[in-house]
Amino acid sequence: MRHHSVLRTSAKILIPPILLFALYVQFHGDFGPGGGFQAGVIFAVAFILYALVFGLDKARRVAPPAVTHSLSALGVMIYAGVGFENVMSGGNFLEYNVMAHEHHTAQHLGIFLVEMGVGITVCAVMITIFFSFAGRGR
């Protein structure tokens, strides 16, 4: 793709807004449509576009497999950690009311952390799946 300067320039222009929109969907998820899963997929799309335009080797340098595997586990640990923290505080698994003194604050914090864990995991798994399939022909 070295000879496709329009495609490369377009990707350089599009990737930052895609990442910004993913962050918007992530942080706006508790107030409207969106959340961790959608944001994770949109975030992964930016990396996949980068890999398609600039090559798999460059993309693997940006998001090495060791990092994506670690992020996959980190997201699951955040999700499960929120649930177990609630259990240790005397509530049920993912019952956010025990996370703070005020009900609204506890709900907001719990949902934010769970959606963050989901977003991290989904993004990392989507990138890992793409790299696995894209590298099969070698």
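This short presentation describes the fold, surface, charges and nonpolar core of one protein chain.

Good morning. The structure shown above is a predicted model. I begin with the overall architecture. The protein chain contains five helices and zero strands, and its pattern along the sequence reads α-α-α-α-α. Along the principal axes, the C-alpha trace spans about 60 × 30 × 15 Å.

Turning to contacts, let us consider those in the protein chain with a separation of 6 or more: 60% of them join residues that lie 24 or more positions apart.

Next, burial and surface. The protein chain has 138 residues, and buried residues make up 30% of them. The accessible surface comes to about 8400 Å², and carbon and sulfur atoms account for 70% of that area.

As for charges, the protein chain carries 8 positive and 6 negative ones. The mean positions of these two sets are 34 Å apart.

I now come to the interior. Which residues make up the largest nonpolar core? There are ten in all: Ala 44, Ile 48, Ala 51, Leu 56, Ala 59, Ala 63, Cys 123, Ile 127, Phe 130 and Phe 131. Helix H2 (36–54), helix H3 (56–62) and helix H5 (103–134) are the elements that each give two or more residues to this core. Of these, H5 gives the most, with four residues.

Finally, I would draw attention to one member of the core, Cys 123. Leaving aside residues up to four places away in sequence, Cys 123 touches Gly 40, Phe 43 and Ala 44. Of these partners, Ala 44 is itself listed in the largest nonpolar core.

Thank you for your attention.

Conventions:
Residues numbered from 1 in each chain as written. Predicted model: local features only at pLDDT ≥ 70, side-chain atom pairs only at ≥ 80, totals over all residues. Heavy atoms only, no water. Buried < 20%, exposed > 50% of the residue type's maximum accessible area, 1.4 Å probe, protein only. Contact = heavy atoms within 4.5 Å. Areas by Shrake-Rupley, 256 points an atom, 1.4 Å probe, with all protein chains shown as cover. Lys, Arg positive; Asp, Glu negative; His and termini not counted. Charge placed at Lys NZ, Arg CZ, Asp CG, Glu CD. Core = buried A, V, L, I, M, F, W, Y, C linked by side-chain atoms within 4.5 Å.
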